[in-house]
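Let's take a friendly walk through one structure, looking at a strand and its partners and then at a single residue in a loop. Have the viewer open as you read.

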Amino acid sequence: MSDKEELKKMKIWIIMSKIKIIIIDDERLARKELVFLLKDIQGVVVQGEADNIKDAIELIAAKNPDLILLDIQLSRENGFDLLKILPANIKVICVTAYPEYAQKAFEENATDFLLKPVDPKRLKSALKSIMGNAFEKFPDYPWSLCSRNSVLYLLGGTRLQTIQ
């Protein structure tokens, strides 16, 4: 019996798997721009926003995001201070107007680095690197993921496909 048939037989349905995002930026308009850019991208959901590190820590604890879009230069604070204390399972894309922060962002284990104003194509590219093959194969498709025996399955509409 194939993995697909076994999965169907066992009635294990696919768990919705959207990348949960928190936006941290001290500029309200910058946060709103990111929300706007993300709203039409399938497979992501913005869980909340914060404008300082204290609120960000509380929001992260409450929401357990997969990804944080983090401004580096916050009012009287530095996004690197937050980046240093984040759990390793949370991916971070640094979003800033200062290109000189790029090297340090990667040294602090940022997943990607975007310059303001954010280019929508570049944002999609960064998300694609986090989402992996699912985003590439079905970029505009509502998708769901599950795994069984180290095999990743993708449900798109009514199709079930194994992702390599």
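The report below starts with strand pairing and ends with a loop residue. Please keep in mind that this is a predicted model.

**Strand β1 and its neighbours**

A good place to begin is strand β1, residues 19-24. Of its 6 residues, 5 are buried, so the strand is largely enclosed by the rest of the structure. Two strands pair with β1, and the table sets them side by side.

| Partner of β1 | Residues | Bridges to β1 | Direction | Opposite isoleucine 24 |
|---|---|---|---|---|
| β2 | 44-50 | 6 bridges | parallel | alanine 50 |
| β3 | 67-70 | 4 bridges | parallel | leucine 70 |

Isoleucine 24 is a handy residue to click on: it stands opposite alanine 50 in β2 and opposite leucine 70 in β3. If you trace the chain from β1 to β2, look for helix α2, residues 28-38. Together, β1, α2 and β2 form a β-α-β unit, and this unit is right-handed.

**Threonine 111 in its loop**

Now move along to threonine 111, which sits in the loop between α5 (102-107) and β7 (112-115). Is this residue buried or exposed? Its relative accessibility is 29%, so threonine 111 counts as partly exposed.

What does threonine 111 touch, leaving aside residues up to four places away in sequence? The contacts are Lys91, Val92, Phe106 and Ile130. You can also check a distance to isoleucine 68: the C-alpha atoms of threonine 111 and isoleucine 68 are separated by 9.8 Å, and the two residues are 43 residues apart along the chain.

How values were computed. Residues numbered from 1 in each chain as written. Predicted model: local features only at pLDDT ≥ 70, side-chain atom pairs only at ≥ 80, totals over all residues. Heavy atoms only, no water. Buried < 20%, exposed > 50% of the residue type's maximum accessible area, 1.4 Å probe, protein only. Helix = DSSP H or I, 4+ residues; strand = E, 2+ residues; numbered from the N terminus. Pairing = 2+ DSSP bridges. Right-handed = clockwise from strand over helix to strand, strands pointing away. Contact = heavy atoms within 4.5 Å.
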